[in-house]
Amino acid sequence: MATLAHDGHGDGHNEALHHQFENIDQQNESYVVGMWTFLVTEIMFFGTLFVIYTLYRSMYPMDFYLAHEHLNIQLGAINTCILLFSSWLMVMSVHWAQRGNREKVLLYLGGVLACAFGFLVIKYVEYGSKIKDKMVPGPNFTTDPEKVHGANFNYAQLFYGLYFSMTGLHAIHVIVGILIIAALVRLWWIRAKSVVLDYIPTELVGLYWHFVDLVWIFLFPLMYLIPKPH
Amino acid sequence: MANTPLSHSHHVVPARYYHINLLVLALLMGLTIAAAYWSAPGGVVVNNIIAVGIASIKAYLVILIFMGVKWASPLTKVWVLAGFFGFSLMFIVLCDYMTRQFEPANGWVKNGQSAYPPVRPGSVQNVPDNVNFRPRGSGN
């Protein structure tokens, strides 16, 4: 949203409407479709990892079940709640952006930021305990059968390789989310025309944040809640 | 509330949709955890289907309500559907892995059309018994 074109066409005196669009509806749709195009590439990005996970879990169901027992389900569940709640906070901030209520937008966006930091703190605690237990795949992977709960060490490394790459990639997305939400908060704070006159930037940041939540919705049951093969 | 004169044509969704959606998502999360500890009749496959099924419903609700696709333009809906359709196509790659136990096909060995060298009788395969690994000929 670099410069706001002054109108002279379209649906009246609309400062947010850029000159290449017929009207605000067309402009909004273009932005949303553009954002979804990006999100589709993100789906593909995570998608390959989900395919790899499906493949190896179907090959070694028992080892994945045993290795996953070392994960902390409580922390995973808390993080799921945090992300679901932050998604609600985000959609509420978009809701108030549409109605032009700056104070409420800032309040809800602040809540989203707090949730994002909370998520990362819990992730830090989780990663810390896994690193301490030598659960990082590689030459230093644990040789203690209790740590992998009796699973084959090679297959346990496969599980933890997928665990760290998938949740790590997700955590990177959370960090990026914090950066763009912080940028959005700043724009609202200084009453930048680009966000105050047009709710779409807030909406697009919201779409990104919901996508981050979406990935975790699948990661949580796949990583933390593997049912016992029976 | 009427101080956004510029985006006046968009549809503002009543906030109660979001509240209800959050509640349903939280309930489904609880259901996911409960379902994971339940030994489903029919084996662990049923558990897996239930887990991914609930996750899919949650994802559907997030996309529909939180991401606003329910109220989006038809073009946006097509775009979203195309994305997830493309994602589902990725799983076709599993057909390769799941059928490797049937290889090498006799015809391939006989006429040498396989891209991989045929298994020679008596060749040593250092592969654990339970690993579904394409047997390769050694020494050529």
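**Exercise 1. Burial and overall build of chain A**

Determine what share of the 230 residues in chain A is buried, and describe the fold and surface that go with that share.

*Solution.* In this predicted model, buried residues make up 59% of the 230 residues in chain A. The next step is to look at the secondary structure, where chain A shows seven helices and zero strands, so that the pattern read along the sequence is α-α-α-α-α-α-α. Taken along the principal axes, the C-alpha atoms of chain A fill a box of roughly 70 × 30 × 30 Å. Turning to contacts with a separation of 6 or more in chain A, one finds that 73% of them join residues 24 or more positions apart. The accessible surface of chain A comes to about 9400 Å², and carbon and sulfur atoms account for 65% of that area. Finally, the charged side chains of chain A number 13 positive and 17 negative, with 11 Å between the centres of the two sets.

**Exercise 2. Helix α3 of chain A**

Follow helix α3 of chain A from its start to the residue beyond its end, and state how its span compares with the expected value.

*Solution.* Begin with the length: α3 of chain A covers residues 73-98, which is 26 residues, and the distance from its first C-alpha to its last is 38 Å, close to the 38 Å expected at 1.5 Å a residue. At the start of α3(A), a side-chain oxygen of A:N72 comes to within 3.1 Å of the backbone nitrogen of A:Q74. Along its course the helix is mostly covered, with 22 of the 26 residues of α3(A) buried. After the helix comes A:G100, which has a positive phi, near 70°.

**Exercise 3. The loop between α4 and α5 of chain A**

Identify the setting of A:V136 in the loop between α4 and α5, and then examine the phi values of A:K134 and A:H149.

*Solution.* The loop in question runs between α4 (102-132) and α5 (153-189) of chain A, and A:V136 lies in it. A:V136 counts as partly exposed because its relative accessibility is 36%, and partly exposed covers the range between the cut-offs of 20% and 50%. Leaving aside neighbours within four places in sequence, A:V136 is in contact with A:I131, A:F141 and A:F164. A further relation across the sequence is that A:V136 and A:G161, 25 residues apart along the chain, have C-alpha atoms 7.2 Å apart in space.

For the backbone, it helps to recall that most residues other than glycine have a negative phi. A:K134, found in this loop between α4 and α5 of chain A, has a positive phi near 60° although the residue is other than glycine. A:H149 is also placed in the loop between α4 and α5 of chain A, and its phi is positive at about 55°, again in a residue that is not a glycine. As to exposure, A:H149 has a relative accessibility of 32% and therefore counts as partly exposed.

**Exercise 4. Two asparagines, one in each chain**

Decide whether A:N14 is buried or exposed, do the same for B:N21, and describe what surrounds B:N21.

*Solution.* A:N14 is placed in the segment before α1 (24-59) of chain A. With a relative accessible area of 1%, A:N14 is buried, since burial requires a value under 20%. In sequence A:N14 and A:I178 are 164 residues apart, and their C-alpha atoms are 31 Å apart in space.

B:N21, by contrast, is found in a helix, namely α1 (residues 16-36) of chain B. The relative accessible area of B:N21 is 4%, so B:N21 is buried. The side chain of B:N21 reaches the backbone oxygen of B:L61 at 3.4 Å, a distance that satisfies the 3.5 Å limit for a polar contact. Not counting residues up to four places away in sequence, B:N21 touches B:L61, B:V62, B:I65 and B:F66.

**Exercise 5. Chain B as a whole**

State how many helices and strands chain B has, and describe its burial, contacts and surface.

*Solution.* Chain B has five helices and zero strands, and from the N terminus on its elements run α-α-α-α-α. Of its 140 residues, 31% count as buried. Among contacts in chain B with a separation of 6 or more, residues 24 or more positions apart account for 44%. The exposed area of chain B is about 8800 Å², of which carbon and sulfur atoms supply 67%.

Technical notes:
Residues are numbered from 1 along each chain as its sequence is written. Chains are lettered from A and ligands numbered from 1 in the order in which they are written. This is a predicted model: local features need pLDDT of at least 70, side-chain atom pairs count only at pLDDT 80 or more; totals for chains, interfaces and linings use all residues. Side-chain values use heavy atoms; hydrogens and water are left out. Helices (H or I, at least four residues) and strands (E, at least two) are DSSP runs, numbered from the N terminus. The expected span of a helix is 1.5 Å times one less than its number of residues. Buried means under 20% relative accessible area, exposed over 50%, partly exposed in between (1.4 Å probe, protein chains only). A polar contact is a pair of N or O atoms within 3.5 Å; within protein, one must be able to donate a hydrogen and the other to accept it, and residues adjacent in sequence count only if both atoms are side-chain atoms. Contact means heavy atoms within 4.5 Å. Accessible areas come from the Shrake-Rupley method with a 1.4 Å probe; for residues, only the protein chains shown count as cover. Lys and Arg count as positive and Asp and Glu as negative; His and the chain ends are not counted. The place of a charge is taken as NZ of Lys, CZ of Arg, CG of Asp or CD of Glu.
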